[in-house]
Amino acid sequence: RESAGLLELGVEVRHGERLGDNLTLEQLEAEFDAVILAIGAPAPMGLGIPGEDQPGVWKAVEFLEAVRKGRNLSLGKTVLVIGGGDTAFDAATTARLRGADVRIHYRGTADSLRALAHEQQRAKDAGVVIDFERVPEAIIQREGRLTLQYGDHEEPCDTVIVAVGQRPDQRLLGALGLTVNPDGTTNRPKVYSAGGTSYGSD
């Protein structure tokens, strides 16, 4: 629906063009008065705790991509999602709709959730449970299952999905010779960044 609305406004979409491949910033700067990069933040961030790289622990964007591609994933009965943004809620709802019992563990309080209201409601309607002020310290294997260790307790599960933010693709930006500033400007006067390209994603 959003793309249809843009087309109705007269926005032109060009297919088969890839920046850094068959298209350069110099070409765009010569053709347009301003160039806005809105390439998102595709690089998932980790928790920075022991055990997060073992089998059964997914980055949310990679999990959602695998589902989109139709992969037959074995999530087990219980899934814990770590995070509180739109991606966390999307992953949680997706896992729940695949038959798992799903809980979201969020580091903050209900008032500090960053996910959009409709994403939160969609997850709740699907049966996702949200636990607040939960910050895992490690993920271990115990009796064939994953266990999240917290300061005062442990919680076992079959799958962990990590959704604690994403970074812009610094390799691409570096290859383009771009330095992106928090206000959306770059080191090229006619080139700007928008959205996750500037500040990442939750």
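## R96 and the basis of the model

At 26% relative accessibility, R96 counts as partly exposed, a class that lies between buried (under 20% relative accessible area) and exposed (over 50%), with a 1.4 Å probe and protein chains only. Its salt-bridge partner is D101, with 3.4 Å between the closest N and O atoms, where a salt bridge is a side-chain nitrogen of Lys or Arg within 4 Å of a carboxyl oxygen of Asp or Glu. D101 also falls in the partly exposed class, at a relative accessible area of 33%.

The model is predicted, so that local features need pLDDT of at least 70 and side-chain atom pairs count only at pLDDT 80 or more, while totals for chains, interfaces and linings use all residues. Residues are numbered from 1 along each chain as its sequence is written, and side-chain values use heavy atoms, with hydrogens and water left out.

## The chain as a whole

The protein chain contains seven helices and 12 strands, taken as DSSP runs numbered from the N terminus (helices H or I, at least four residues; strands E, at least two). Along the principal axes, the C-alpha atoms of the chain fill a box of roughly 60 × 35 × 35 Å, and 39% of the 202 residues count as buried. Among contacts (heavy atoms within 4.5 Å) with a separation of 6 or more, 63% are between residues 24 or more positions apart.

## Other salt bridges

The count of salt bridges comes to 15. One of them joins the side chains of D158 and R145, at 3.1 Å from N to O. This pair links distant parts of the chain, since D158 sits in the loop between β9 (154–157) and β10 (159–162), whereas R145 belongs to strand β8 (residues 145–149), 13 residues apart. D158, with a relative accessibility of 26%, is partly exposed, and R145 is partly exposed as well, at 29%. Through shared partners, salt bridges also join R103, D131, R134 and E155 into one network.

Within that network, D131 and R134 meet through their side chains at 3.8 Å, N to O. The two ends of this bridge fall into separate classes: D131 is buried at 9% relative accessibility, while R134 is partly exposed at 22%.

## Nonpolar cores and a buried threonine

The largest nonpolar core, meaning a set of buried Ala, Val, Leu, Ile, Met, Phe, Trp, Tyr and Cys residues joined through side-chain atoms within 4.5 Å, has 24 residues, and F63, V79, V81, V102 and I161 are those with the most contacts inside it. Two or more residues come from each of α3 (60–68), β4 (78–82), α4 (86–97) and β5 (101–106), and α4 makes the greatest contribution, with five residues. Another core lies apart from this one and has 11 residues, including L80, Y150, C157 and V162.

The surroundings of V102 show how parts of the chain come together: leaving aside neighbours within four places in sequence, V102 is in contact with V79, V81, A92, A95, R96, G127, V128 and V129. A further buried residue is T147, with a relative accessible area of 5%, which is placed in strand β8. Not counting residues up to four places away in sequence, T147 touches A138, I139, I140, R142, E154, E155 and P156.

## Pockets and the cavity

On a 1 Å grid over the protein atoms alone, a pocket is an open set of points with protein on both sides within 12 Å along at least five of seven lines, a cavity is a set where a 1.4 Å probe fits but cannot get out, and lining residues have an atom within 4 Å of a point. Points are joined across faces, edges and corners, and a volume is the space filled by probe spheres set on them. The largest pocket has a volume of about 710 Å³. It is lined by 18 residues, with L19, L23, L28, I36 and L37 closest to its centre, and strand β1 (residues 35–37) gives the most to the lining, with three residues. By class, the lining comprises 14 nonpolar, no polar and four charged residues, where Ala, Val, Leu, Ile, Met, Phe, Trp, Tyr, Cys and Pro count as nonpolar, Asp, Glu, Lys and Arg as charged, and the others, Gly among them, as polar.

The second largest pocket holds about 160 Å³ of space, and its lining includes G46, H105, Y106, R107 and R134. One cavity of 30 Å³ or more is counted; the largest cavity has a volume of about 50 Å³, and P44, V162, A163, G165 and Q166 lie nearest its centre among 12 lining residues. Seven nonpolar, three polar and two charged residues make up the lining of the largest cavity.
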